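Work through the exercises below with the sequence and the model open. Try each task before reading its solution.

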Amino acid sequence: MTDPIDELTVRTCTDDDLPELVALISRAFLNDPREELLEALPKVFEPDRRHVAVDGDRLVGSAGVLTRDMTVPGGPMPTAHVTAVAVATTHRRRGLLRRIMNEQLHAIRERGTEPIAALWASEGGIYGRYGYGVASWNVEYEIPVLETEVPGTTPPGRLRHEQPAEISKTLADIHDRARHERPGVSARPGRWWEMRTLDPESRRRGMSAERAVVYEDEDGAHGYALLRTKLQWNMNSPGGEALVTEMLATNTEAYAALWRYLLSIDLVRTVRCPFGAVDEPLRHMATNVHALTAPMGPGLWVRVVDVPAALARRRYAAPIDVVLEITDAMFPDNAGRWHLRGDADSATCEATTAEPDLSLDVRGLGAAYLGGTSLQSLAAAGLVTEHRPGRLAAATTAFGWRRAPWSHEAF
Ligand SMILES: CC(=O)SCCNC(=O)CCNC(=O)[C@H](O)C(C)(C)COP(=O)(O)OP(=O)(O)OC[C@H]1O[C@@H](n2cnc3c(N)ncnc32)[C@H](O)[C@@H]1OP(=O)(O)O
């Protein structure tokens with residue numbers, strides 16, 4: 001007997017679906033549908049890239065893609081940003097997500113412009129089965145500011161307070177220049193900055209409006225921090241909190257000046273920075289690194305959608321000449337042997353019948369793609385097999401990168 005879930009229509013969205021879509025996504029993420037989502041979403045909404053499952057006159061499942069570049073080792077690359085995945089609680093665990101993911105990944109592949117897809121997962125058990133691997137790690141800093149500081153003299157530049165929406169061009173310029181150094185950072189095309197700088201009450205969660213601190217010198221602006229604050233008292237002592245919602249800098253001076261500022265705001269005792277990088281330079285700048293001890297969790301998950309295109313598009317930290325044997329249960333065209341040759345300037349990847357040096361599933365390739373998960377550690381976990389001695393070590397070095405991948409926003 002056919003499960004009724006197989007009878008549901010899965011189609012792409014229209015603008016008319018928006019109100020019901022907002023209700024579906026809000027409920028799935030345990031919220032009430034909020035007016036401001038109806039204002040924010042249309043700024044970045046791509047109906048033709050969002051799948052919905054329909055039961056009668058109801059939307060019961062959905063997953064979308066945002067068309068954005070992401071920096072990968074070597075530079076920016078079109079990347080399908082998978083977002084706002086939801087299945088109605090009335091229809092859960094009957095295979096609806098599986099149907100939607102299948103449609104979505106095939107649509108990305110048919111489009112032919114995005115060699116990889118990326119997402120932030122709400123739970124760790126969902127996306128591995130679709131070929132996604134954890135490609136970056138996120139560190140959640142909670143810094144007791146009385147225990148550490150960033151020493152140094154007053155830099156030549158200065159800091160100024162601004163309303164983010166009023167200086168979005170400056171923020172966008174710093175963001176664009178800073179992100180090229182760092183795999184994992186997403187571009188903000190079109191009306192993204194308009195959406196990012198909306199500051200509805202519901203985003204504040206009891207804290208202040210978001211404000212910007214910009215570092216500039218005579219050559220222009222080189223860094224910014226976006227933050228919220230909240231004052232509370234412990235008996236007669238201040239116990240204020242600052243939440244750094246985003247921070248990017250194009251040089252060390254700006255980065256140090258911003259952290260020096262953040263760690264010395266009067267009445268603030270704790271600075272939280274929920275999107276921290278694994279290789280955050282602050283650890284080497286602060287006087288007490290123990291104050292920066294912090295939990296780490298998965299950040300970006302990457303799915304390689306087109307193996308030869310993805311491997312030829314990124315660059316490699318050292319010369320590489322290797323035959324990879326890939327398995328991929330969803331895309332047979334990805335499976336097989338690929339001869340990858342590359343270095344810091346160029347790369348090629350062609351089908352071959354040669355004996356493989358390494359074999360791995362596409363999920364492991366996604367994990368290693370941004371340079372943040374080592375092939376050697378995947379091999380130690382039994383997820384990469386080496387067929388010729390020495391090839392694993394060489395490939396591990398080449399797949400690494402000078403900065404750890406980092407995503408500064410959970411899209
Ligand atoms: C990129 C993002 O947006 S991440 C956000 C994801 N959305 C949410 O967390 C919102 C709340 N949750 C939901 O909307 C739904 O429960 C979803 C979308 C996570 C899952 O939808 P469902 O239709 O129930 O999933 P479906 O029935 O297709 O399950 C497919 C497989 O994934 C597994 N699975 C589904 N959800 C989870 C989960 N949260 N944790 C672990 N495994 C899961 C199922 O057990 C099933 O496994 P199987 O193939 O071995 O049988």
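**Exercise 1: The annotated stretch**

Over residues 8-151 the chain is 23% helix and 37% strand, and the end C-alpha atoms of this stretch are 61 Å apart. Helices (H or I, at least four residues) and strands (E, at least two) are DSSP runs, numbered from the N terminus. The model is a predicted one, where local features need pLDDT of at least 70, side-chain atom pairs count only at pLDDT 80 or more, and totals for chains, interfaces and linings use all residues. Residues are numbered from 1 along each chain as its sequence is written.

Task: state which feature UniProt places at residues 8-151.

Solution. The UniProt record, an unreviewed entry, gives "domain: N-acetyltransferase" for residues 8-151. UniProt positions are in the numbering used here, feature names are shortened, and annotations may be inferred rather than shown by experiment.

**Exercise 2: The sheet**

Task: write down the strand order of the open sheet of 7 strands, and explain why β1 and β6 stand at the edges.

Solution.

Step 1. The order is β1-β2-β3-β4-β5-β16-β6, with mixed pairing. Two strands pair if DSSP finds at least two bridges between them.

Step 2. β1 (9-12) and β6 (133-134) each have a single partner strand, so one side of each is left without a neighbour in the sheet.

Step 3. At one edge, β6 pairs with β16 (residues 300-304) in the antiparallel sense over 2 bridges; G133 stands opposite V302 in β16.

Step 4. Helix α2 (residues 18-28) packs on the sheet and touches β2 (50-55), β3 (58-72) and β4 (75-87). Its direction makes about 85° with that of β3. Contact means that the C-beta atoms of two residues, placed from the backbone, lie within 7 Å. Axes are lines fitted to C-alpha atoms, for helices over the stretch in contact, and angles run from 0 to 180 degrees between N-to-C directions.

Step 5. Helix α4 (residues 96-111) lies across β1, β2, β3, β4 and β5 (116-120), and runs at about 40° to β3.

**Exercise 3: Pairing of β2**

Task: describe how β2 pairs with β1 and with β3.

Solution.

Step 1. β1 and β2 are antiparallel and share 4 bridges. T12 has H51 in β2 as its bridge partner.

Step 2. β2 and β3 are antiparallel over 6 bridges, with V52 opposite S62 in β3.

Step 3. β2 and β3 form a hairpin with 2 residues between them. In the turn, G56 has a positive phi of about 65°.

**Exercise 4: Two binding-site residues**

Task: UniProt (unreviewed entry) lists residues for "binding site", including L96 and E123. Is L96 buried or exposed? Is E123 buried or exposed?

Solution.

Step 1. L96 is in helix α4. It is buried, because 21 other C-beta atoms lie within 10 Å. A residue is buried if 20 or more other C-beta atoms lie within 10 Å of its own, exposed if 12 or fewer, and partly exposed in between, with C-beta atoms placed from the backbone.

Step 2. Leaving aside neighbours within four places in sequence, L96 is in contact with I5, A53, V60, G61, V87 and H91. Among these, V87 is also on the "binding site" list.

Step 3. E123 is in the loop between β5 and β6. With 6 C-beta neighbours inside 10 Å, E123 counts as exposed.

**Exercise 5: The whole chain**

Task: what share of the 411 residues of the chain counts as buried, and how many helices and strands are there?

Solution. The buried share is 39%. The chain has 13 helices and 21 strands.
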